[in-house]
Amino acid sequence: MSALKQVYVSGVRGLRGVLDSTGLLDRLDHWAEDSRRGLWVRSLLAVYDLDDMTRLGVPWWTFDAADAVAAHLVGRPGARVLEWGSGSSTLWLAARAASVDSIEHDPEWAEAMRPRLPATVRLHVHPPVPDPQPATPSAKRGFAGLDFTEYVAAADALPGTFDLVVVDGRAREACLPRAADRLAPHGLVVVDNVDRERYRTAIADLADRLTDQHGSRVEVTWTRGATPSLPYPTRTALLRVRPQESRSGRA
């Protein structure tokens, strides 16, 4: 976490302590139960606090994306979920799916997650390997010289297909093609933080590859707006892969 973020998070937690001691936090909690706006305001006090985010019952995507995913899963009682990057979304998904396989790169974070996970969640920890010329790098600041090949490929050891795949960890550009390959028919892929150009480019590259190789098309829904715990809007993309249509007009 950068120094600026540390200052911000410390300030927010200090404010939350003051609100708690004066009883105002309880009022915010009641507002959060009755209003989406109230939920967002209350979530600002939960930044980088896994337990608080869990109590609020929100993943760290745009609210519109979370609504779409919830609607996608509600008609799939046996849904299987795969995600790269564990956190509050893991617990949120576990309450809505039959099983969640979560791939995590950070062993310390994984140990913090484990006591909070229900039996329907399997956490797979694959830390990056130091390498001056990584085959699968992460462009995120602070991760230079680390190879995420094993982390990205961890999904290959998991059987079957998935109704939902979430790409919200490291090396997302490399995870995205694998997400599409493991998607069940009528499945959905979530790609978070697509404000970043490199993720939008990866989505465009995936669409081109699937069109060229299989005649499939990628339908992308770009959501932008309020996001839990963040004081500014962000974007989350939702992808559906449609197979090539036959001459009769049917897939």
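E219 is partly exposed, at 29% relative accessible area. Keep that residue in mind as you look around this predicted model, because E219 in strand β8 helps tie together two parts of the chain. There are 15 salt bridges to find here, and a pair of crossing helices is worth a look too.

**The E219 pair**
- The partner of E219 is R242, and their closest N and O atoms sit 3.1 Å apart in a salt bridge.
- R242 belongs to strand β9 (residues 234–242) and E219 to strand β8 (residues 217–225), so the bridge joins parts 23 residues apart in sequence.
- Like its partner, R242 is partly exposed, with a relative accessibility of 25%.

**Other salt bridges**
- R36 and D67 pair up through their side chains, at 3.2 Å from N to O.
- That bridge spans 31 residues, running from R36 in helix α3 (residues 36–43) to D67 in helix α5 (residues 63–74).
- R36 is partly exposed at 39%, and D67 is partly exposed at 38%.
- D168 and R172 also form a salt bridge, at 3.3 Å from N to O, and both of these residues are buried.
- A network of salt bridges links R16, D29, R42, D49, D52 and R55.

**Where α1 meets α2**
- Helix α1 (residues 3–22) packs against helix α2 (residues 24–34) at about 95°, with the axes 5 Å apart.
- The two helices are therefore roughly perpendicular.
- On the α1 side, R16, L19, D20 and T22 make the contact, meeting L24, L25 and L28 of α2.
- Those contact residues split into 4 nonpolar, 1 polar and 2 charged.
- R16 turns up in this contact and in the salt-bridge network as well.

Conventions:
Residues are numbered from 1 along each chain as its sequence is written. This is a predicted model: local features need pLDDT of at least 70, side-chain atom pairs count only at pLDDT 80 or more; totals for chains, interfaces and linings use all residues. Side-chain values use heavy atoms; hydrogens and water are left out. Axes are lines fitted to C-alpha atoms, for helices over the stretch in contact, and angles run from 0 to 180 degrees between N-to-C directions. Helices (H or I, at least four residues) and strands (E, at least two) are DSSP runs, numbered from the N terminus. Angles under 35 degrees count as roughly parallel, over 145 as roughly antiparallel, 65 to 115 as roughly perpendicular and the rest as oblique. Contact means heavy atoms within 4.5 Å. Ala, Val, Leu, Ile, Met, Phe, Trp, Tyr, Cys and Pro count as nonpolar, Asp, Glu, Lys and Arg as charged, and the others, Gly among them, as polar. A salt bridge is a side-chain nitrogen of Lys or Arg within 4 Å of a carboxyl oxygen of Asp or Glu. Buried means under 20% relative accessible area, exposed over 50%, partly exposed in between (1.4 Å probe, protein chains only).
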